[in-house]
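Visitor: Could you pick one spot in this chain and take me through it closely? I'd like to know what sits around it and how the neighbouring pieces fit together.

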Amino acid sequence: LKDDSYDLPLNEEGKLVLLELNAGGGTNMSYYPDGCIYIATDYWEGAKDYLEQNFSDNEPRITLDRFILTIPERLISVPDNTVSAVMCFHSLCSSSNVNLALLEILRVLKPGGKMYFIEHVMTKKKFSRFWVVQMNFAIQMSFWDCHFGDFRSHIERVGFSEVNISELVLSFKRNQNAWSYAKLITTYIRLCCQMRRSCIVE
């Protein structure tokens, strides 16, 4: 994001406004540009304490604007067209309505704003070793309110003016078990979605 920040719209004070969904304790902060304004959301109330502690332990190069206890499909406290970029790392997988969450993201993004997206998805090779491991692990994921989904088709249909997609498959060793897979997540889909003014959702 630091390399891409020059191309993002600024607020009235000339600063970037970043919104991270399901931010947890703010472990992604090191990837964000200096001087930006940071809004964090999470559906777990305890994340707020970890996030504030993380900010107090680090230099104030990023301003924590606020923490919002909510889910991705309910961003009602974030005004329309106010966010430079939305960070969505393993967030849509916990959403009960992916399309509604994406519409909310479109609503809060400023014209020219972007959504940065990384999500774990099912491998396309059915009945392969990866596929079997993923199917077995999907049961455990459900206990964490997480699921594999066809996020690519949702994003392509929702109304972004430009969608860039790349897929990454991480190595998976023969002796790794499902718990190792939980940390590894073999297949990701990475999206960078840009919205222009003509694509604002009414």
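**A close look around Ser-91**

Guide: Leave out the residues up to four places away in sequence, and Ser-91 touches Leu-21, Asn-22, Pro-72 and Glu-119. Contact here means heavy atoms within 4.5 Å. Before we go on, keep in mind that this is a predicted model, where local features need pLDDT of at least 70 and side-chain atom pairs count only at pLDDT 80 or more, while totals for chains, interfaces and linings use all residues. Residues are numbered from 1 along each chain as its sequence is written, and side-chain values use heavy atoms, with hydrogens and water left out.

So where are we? Ser-91 sits in the loop between β4 and α2. (Helices are DSSP runs of H or I with at least four residues, strands are runs of E with at least two, and both are numbered from the N terminus.) Ser-91 has a relative accessible area of 0% and therefore counts as buried. The cut-offs go like this: buried is under 20% relative accessible area, exposed is over 50%, and partly exposed is in between, using a 1.4 Å probe and protein chains only.

Now look at two of the residues it touches, Leu-21 and Asn-22. Asn-22 is in the loop between β1 and β2. With a relative accessible area of 13%, Asn-22 is buried as well. There's a quirk in its backbone: Asn-22 isn't a glycine, yet its phi is positive, at about 50°. For background, most residues other than glycine have a negative phi. If you want another case, try Asn-81, again not a glycine, with a positive phi of about 55°. Asn-81 is in the loop between β3 (63–69) and β4, and at 30% relative accessibility it counts as partly exposed.

Leu-21 belongs to β1, where Val-17, Leu-19 and Leu-21 point one way, Leu-18 and Glu-20 point the other way, and all are buried. That fits the tally for β1 (residues 17–21), which is mostly covered, with 5 of its 5 residues buried. This strand has two partners to follow, and two strands pair if DSSP finds at least two bridges between them. With β2 (residues 37–42), β1 pairs in the parallel sense over 4 bridges. With β4 (residues 83–89), β1 also runs parallel, joined by 4 bridges. Glu-20 is a handy marker: its bridge partner in β2 is Ala-40, and in β4 it stands opposite Met-87. Leu-19, meanwhile, faces Val-86 in β4. β4 is mostly covered too, with 6 of its 7 residues buried.

Go back to the loop and leave it on the other side, into α2. Of its 11 residues, 8 are buried, making α2 mostly covered. The buried ones are Val-98, Ala-101, Leu-102, Glu-104, Ile-105, Leu-106, Arg-107 and Val-108.

Helix α2 (residues 98–108) also has a helix to pack on: α4 (residues 151–158), at an angle of about 45° and with the axes 10 Å apart. (The axes are lines fitted to C-alpha atoms, for helices over the stretch in contact, and angles run from 0 to 180 degrees between N-to-C directions.) That angle is why α2 and α4 are called oblique to each other. Under 35 degrees counts as roughly parallel, over 145 as roughly antiparallel, 65 to 115 as roughly perpendicular, and the rest as oblique. On the α2 side, the contact is made by Val-98, Asn-99, Leu-102, Leu-103 and Leu-106, and on the α4 side by Phe-151, His-154, Ile-155 and Val-158. By class, this contact has 7 nonpolar, 2 polar and no charged residues. (Nonpolar covers Ala, Val, Leu, Ile, Met, Phe, Trp, Tyr, Cys and Pro, charged covers Asp, Glu, Lys and Arg, and the others, Gly among them, are polar.)

Finally, zoom out. The chain has 5 helices and 7 strands, running β-β-α-β-β-α-β-α-α-β-α-β from the N terminus on. Of its 202 residues, 46% are buried. And among contacts between residues at least 6 apart in sequence, 73% join residues at least 24 apart.
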